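Good morning, colleagues. I should like to take you through one model today, beginning with its domains and ending with a few individual residues. Please keep the sequence and the structure in view as I speak.

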Amino acid sequence: MTTTFTPRPIAPDTLKRLRHTDDAGRPCVPFTDPEGGDPLRCCLRPARQGERIALVSYAPLRRWAAETGADPGAYDEQGPVFIHADLCEGPAPAPAEYPYVRPGALRTFRRYDAGGNIVGGRLLEVPEDTTAAFDEALTEAFADPRVALVHVRAVEYGCFHFEVRRPA
Ligand SMILES: [Zn+2]
């Protein structure tokens with residue numbers, strides 16, 4: 001069993017830059033995760049105890065737009081994400097479930113068109129069958145032909161979890 005849609009980690013080229021200077025222009029400051037558990041957006045899993053990680057500011061829509069030529073304008077946002085401080089392997093290619101799923105957690109699915117404008121979104125309270133619920137929320141998002149990509153975020157802290165692009 002795998003997920004219908006592919007959760008995308010932060011791209012390797014972007015990680016290389018973020019490990020030097022983040023999207024807010026601040027230098028990357030690595031530290032050792034004392035207990036583990038911080039959610040890594042490079043490998044789409046929690047950090048293990050003792051891993052060298054960093055908390056950096058990341059602008060997912062701006063990074064996507066730089067690739068596609070879109071102009072997100074005022075929709076551009078940046079926020080904190082944990083990443084490995086050093087070169088890492090990234091997530092497994094065909095995940096059995098979506099990352100950071102926990103029944104009862106609240107997620108928002110923000111939809112963007114090819115121009116980088118927001119075109120709606122929805123809230124999901126994650127149920128027991130996490131994969132089915134994420135598959136359904138993403139199927140619903142891409143049923144709108146305008147939607148080019150979706151950002152999944154935590155509701156309480158607003159932090160960016162991962163991006164899903166319209167399947168080719
Ligand atoms: Zn990593």
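**Two domains and a shared core**

The centres of domain 1 and domain 2, taken over C-alpha atoms, are separated by 19 Å. The model is a predicted one: local features need pLDDT of at least 70, side-chain atom pairs count only at pLDDT 80 or more, and totals for chains, interfaces and linings use all residues. Residues are numbered from 1 along each chain as its sequence is written.

The domain assignment gives domain 1 as 12-84 and domain 2 as 106-165, such bounds coming from an automatic or database domain assignment. Across the boundary, 15 residues of domain 1 are in contact with 13 residues of domain 2, where contact requires C-beta atoms, placed from the backbone, to lie within 7 Å. On the side of domain 1 that touches domain 2, the elements giving two or more residues are α2 and β5. The largest share there, four residues, comes from α2. Helices (H or I, at least four residues) and strands (E, at least two) are DSSP runs, numbered from the N terminus. By class, this side of domain 1 has 11 nonpolar, two polar and two charged residues. Here Ala, Val, Leu, Ile, Met, Phe, Trp, Tyr, Cys and Pro count as nonpolar, Asp, Glu, Lys and Arg as charged, and the others, Gly among them, as polar.

Which residues touch the most other members of the largest nonpolar core? They are Leu40, Ile83 and Val150, in a core of 30 residues. Such a core is a set of buried Ala, Val, Leu, Ile, Met, Phe, Trp, Tyr and Cys residues joined through C-beta atoms within 7 Å. This core draws at least three residues from each of domain 1 and domain 2. Beyond four places in sequence, Ile83 touches nine residues' worth of surroundings that include Ile10, Leu15, Leu40 and Val56. **The sheet of domain 2**

An open sheet of four strands follows the order β7-β6-β8-β9, with antiparallel pairing; two strands pair if DSSP finds at least two bridges between them. β7 and β9 stand at the edges with a single partner strand each, so one side of each is left without a neighbour in the sheet. Direction ignored, neighbouring strands are turned by 20° against each other on average. α2 packs on this sheet, touching β6, β8 and β9, and its direction makes about 30° with that of β9. α3 also packs on the sheet, touching β6, β7, β8 and β9, with its direction at about 140° to that of β8. For these angles, axes are lines fitted to C-alpha atoms, for helices over the stretch in contact, and values run from 0 to 180 degrees between N-to-C directions. Six bridges join β6 to β7, and Arg107 has Leu124 in β7 as its bridge partner.

**Individual residues**

Val150 is found in strand β8. Is Val150 buried or exposed? It counts as buried, with 23 C-beta neighbours inside 10 Å. The term buried asks for 20 or more other C-beta atoms within 10 Å of the residue's own, exposed for 12 or fewer, and partly exposed lies in between, with C-beta atoms placed from the backbone. Its contacts beyond four places in sequence are Phe109, Arg110, Arg111, Leu138, Ala141 and Val164.

Finally, two loop residues deserve a mention. Leu44, in the loop between β2 and β3, has a positive phi near 55° and is buried. Tyr100, in the loop between β5 and β6, has a positive phi near 60° and counts as buried.

Terms used: Contact = placed C-beta atoms within 7 Å.
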